[in-house]
Structures are given as structure tokens and as C-alpha cells.
Amino acid sequence: MAHRNKKNQFGVAETDNYATADADADSGARRKFVRGALALLAVAAVCAAVVIWALPHLPEQPPQQQQAYYRGVLEMWNVECFEGGVGSREAWLTSRSAQFEQHNKGLFVHVTTLTVEQMAYKLQKGDAFDLICFSRGAGALVKDKLAVLNIDLGGVMDNFAVSAQFDGKQYAAPLYAGAYCLFARAEQLPADKLLSDALTAVYTRKIGKNTVDLQPLICGFTAYNSPLSALAMSGGKGKAQVSQDVTQYAAYEQFVGNKTAVTLLGTQRDMFRLEQRENNAKIEQLAFVPLGGYTDLVQYVGISAQAQDKMSACESYIEHLLSSQTQQTLVNLRLFSVCETNLYTLPRYSECENLLPTAYVPSVFGDETAIANQRKAALDTLSM
């Protein structure tokens, strides 16, 4: 409707009241809009200024475990050539692999446990591994199939690291170790004479109406170890008349039977088994001496030279196995760390552990001829 104008008493035109109210309302709305827009701009400017100031001052985030870029399955062969301590080493590796996989989504490590013979057969068929866990005996067969490692072994003890080198290059990383030791019933041979008399002390015991003459020492062998080297390089002396056809478990059984020998030259596996018997009062009090001069009971891990695009993932996995967090879990296996760290407070284990940094560790790549020569050298040294 058109505005109606009229003159007031002073003769001035007067606008209709309804039109004036509409105009005032429009003007007020525009002022509110402008004020609101200006307020929003001001808030945005303040926020931007705060962000610009805050970014350089934010605390640094803790570093995350580096993720291997490969996604898929890493095939790992676990070749066991000597007795462990307690429990399954394959289960231990599988558990450590699961931890590694948590930090590397889409990457999996498949562990297959093999004997040396099974490994040799698979290689002959053309089967391939990405990672291989192995010890002396298997080392000679895989030596030419391994890549040079490009990882930091700074935490690994030097005597262990050197044992996996040839031509001045590192072809495998030590993973864990065992140890040799002597046991005897304290009433037959006390601890202070155990090392010096291990090869000479005999004992006659009566069983009912019969008497049994115990020979000085019994020792268990694998196909690829040299336990008498541990005795020779730890100060033992005497003529060693032992059969190299006796297995490690058979030697333990004969010692427990107390009808064969005064002294057992055993390993960390025997230490656990005999400790259990002592705790359950199933064997007499034992004398114990660690043989810290030598060990060939060492497991290593290497990478296939054909790993190609998997190489970085494999190296990350080995670094995970050598990490302090992983090495600490070796106590669950009653095995020893190859790194410069102490795991044990148990007296016998601690004594062995303290001697490992100075032990002689032979090359993991020694073949059967080298092992045979070493066994002969040990016998000669003991007899000198």
C-alpha cells in the first residue's frame, strides 16, 4: 500500500508510522548482521594467531617403531641343532613375531621349525626362506645363501658378533646362547675339586649286595657341538675317555641313574632339569661349576640374499629380536642373552651369564671337518 503523507501543525510532511517502523527494522537487522560478521572475523583471526603461535611450541611426540614398508608374509625357518632350556623356542619366536606384527600392519612372520636334514632337503627341492634361525651345523649349509646384514649390532657382545662374520662382513646376528657346565653329587665330588678332578675322580657305591664303579665323566654330544672344548678352555685337565655317540639327554639320564659316572658335562638344559629334581628332593645335593671359556650353543638369525623387496622388513624384524624388550623374555626359556645385559639373579644362571662376555665362540659357519678337528684339539689339550 502507498505511503500516506500529511502535514503536521508546523506544515512539515509526516510519514506514515507503519512505513517508518519497517524501515527501522530493516536498518537494525543490517547492523546486527554486520556486527555478527565482524565478530566472526575477529574470532577467526584470533584462532589463526593462536595456531600459528602454538605449532612451534607443541611438545615432540615420542618416536614410534619404524614400520617396514613390505606388506605380506616373511617365511622364517627355525633350525634347531642343540637343546634349549625349557619350553618351546618356536613358540617363543611366534610370540615375538606377533609383537612385531602389531607395529607393522599387514606384515606377518611364519615360523617353521626344522632339523638340519629337513632344511637341507628343502633347499635341495628349491624351497626358499626369507629369514633363517640357525646354529653351528646348519651354518655351513646356508653360508652362501645369506645377505650381508645392514643393521646395528652395537648392543651385541663382540665375541658373539664376530662368530657370524666371514670375509670381514656380518652375515648373521647372534640371537641367544646356551652354556656348558659341570655337575656332580657333592658327596662324591665337591665343588672346589669339580673342575680339577672332573676327568680323574672315580667313585664306588654299593647298591644292595652289589657295588658299582662310577667312571669320572659322562658327556652328551649333538652332531655339531664340541663340549670337551668347553672343559679344555675352562682349565680342565686329564685324559677324556668318553663316547661321542651319547646324546645330551642320554648323558643326563645316566647321570641321574647314578650308575655310570661321577660328573656330568651338561648344558643349561641339564641345569633346569637337575634344578627341578633338587627342588623336589629327587636327587642329592649337587656341586656345580660353569664352563665359561667356550660355547658353541648359540642361535643366529640371517636374511636370504634373495629377499629383495623384503630386505628392509627382515632387517626390522632382526632389530626387534635384538631389542632389550625381546631379549629380556629369554628368561622364560632359561637361555642367555647375546647382548650386554644381565637377566638372572638365580645363582647358577647368573654365574654362567657373567662368564659369557669372555667365552670363545667359534664360527657358526664351521663345517663338519672343522668341528671334527676341534673335538680332536680339545682331547689333545686336555691330555697335555
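Colleague: What makes you call residues of helix 10 buried, and which ones are they?

Modeller: In helix 10, the buried residues are Ala313, Cys314, Glu315, Ser316, Tyr317, Ile318, His320 and Leu321. This is a predicted model, and a residue is called buried in it if its relative accessible area is under 20%. Eight of the 11 residues of helix 10, which spans residues 311–321, meet that cut-off, and the helix is therefore described as mostly covered.

Colleague: What does helix 10 pack against in the sheet that includes strand 3 and strand 4?

Modeller: That sheet has six strands in the order 4-3-5-14-8-15, and its pairing is mixed. Helix 10 packs on the sheet and touches strand 3, strand 4, strand 5 (131–134), strand 8 (173–177) and strand 14 (298–303), while its direction makes about 155 degrees with that of strand 14.

Colleague: Why are strand 4 and strand 15 called edge strands of this sheet?

Modeller: Strand 4 (107–114) and strand 15 (336–337) each pair on one side only. A pair needs at least two bridges, and strand 3 (residues 72–79) and strand 4 have eight bridges between them, in the parallel sense, so they count as paired. Within that pair, methionine 76 stands opposite valine 111 in strand 4.

Colleague: How is the packing of helix 2 and helix 10 described, and which residues make the contact?

Modeller: The axes of helix 2 (residues 89–102) and helix 10 are 10 Å apart, and the two helices pack at an angle of about 115 degrees. Their crossing is right-handed. On the side of helix 2 the contact is made by Leu93, Arg96, Ser97, Gln99 and Phe100, and on the side of helix 10 by Ala313, Ser316, Tyr317, His320 and Leu321.

Colleague: How do you know on which side or sides of helix 8 its buried residues lie?

Modeller: Helix 8 covers residues 248–257, and its buried residues are Gln248, Ala251, Tyr252, Phe255 and Val256. Around the axis they cover an arc of only 135 degrees, so they lie on the same side of helix 8. In general, an α-helix has 3.6 residues a turn, so residues three or four places apart point the same way.

Colleague: What do those buried residues pack against, and what follows the helix?

Modeller: The buried residues of helix 8 pack against strand 9 (180–185), strand 11 (210–219), strand 12 (261–267), helix 9 (268–279) and strand 13 (286–291). After helix 8 comes asparagine 258, which has a positive phi, near 60 degrees.

Colleague: What makes strand 9 count as mostly covered?

Modeller: Six of its six residues are buried, which means that each has a relative accessible area under 20%. Tyr180, Leu182 and Ala184 point one way from strand 9, whereas Cys181, Phe183 and Arg185 point the other way, and all are buried.

Colleague: How do you know that strand 9 pairs with strand 12 and with strand 13?

Modeller: Since pairing requires at least two bridges, the five bridges between strand 9 and strand 12, which pair in the antiparallel sense, satisfy the condition. Strand 9 is also joined to strand 13 by six bridges, again with an antiparallel run, so that pair qualifies as well. Tyrosine 180 has threonine 267 as its bridge partner in strand 12, and alanine 184 has alanine 287 as its partner in strand 13.

Colleague: Why is helix 9 called roughly antiparallel to helix 12?

Modeller: The axes of helix 9 and helix 12 (residues 347–355) come within 11 Å and cross at roughly 165 degrees. Angles over 145 degrees count as roughly antiparallel, and the crossing angle therefore makes helix 9 roughly antiparallel to helix 12. The crossing is right-handed, and in it Gln268, Met271, Phe272, Glu275 and Glu278 of helix 9 meet Arg348, Tyr349 and Cys352 of helix 12.

Definitions and conventions. Residues are numbered from 1 along each chain as its sequence is written. This is a predicted model: local features need pLDDT of at least 70, side-chain atom pairs count only at pLDDT 80 or more; totals for chains, interfaces and linings use all residues. Side-chain values use heavy atoms; hydrogens and water are left out. Buried means under 20% relative accessible area, exposed over 50%, partly exposed in between (1.4 Å probe, protein chains only). Helices (H or I, at least four residues) and strands (E, at least two) are DSSP runs, numbered from the N terminus. The arc is that of the directions from the helix axis to the C-beta atoms. Contact means heavy atoms within 4.5 Å. Axes are lines fitted to C-alpha atoms, for helices over the stretch in contact, and angles run from 0 to 180 degrees between N-to-C directions. Angles under 35 degrees count as roughly parallel, over 145 as roughly antiparallel, 65 to 115 as roughly perpendicular and the rest as oblique. A crossing is left-handed if the near helix is turned anticlockwise from the far one by less than a right angle, and right-handed if clockwise.
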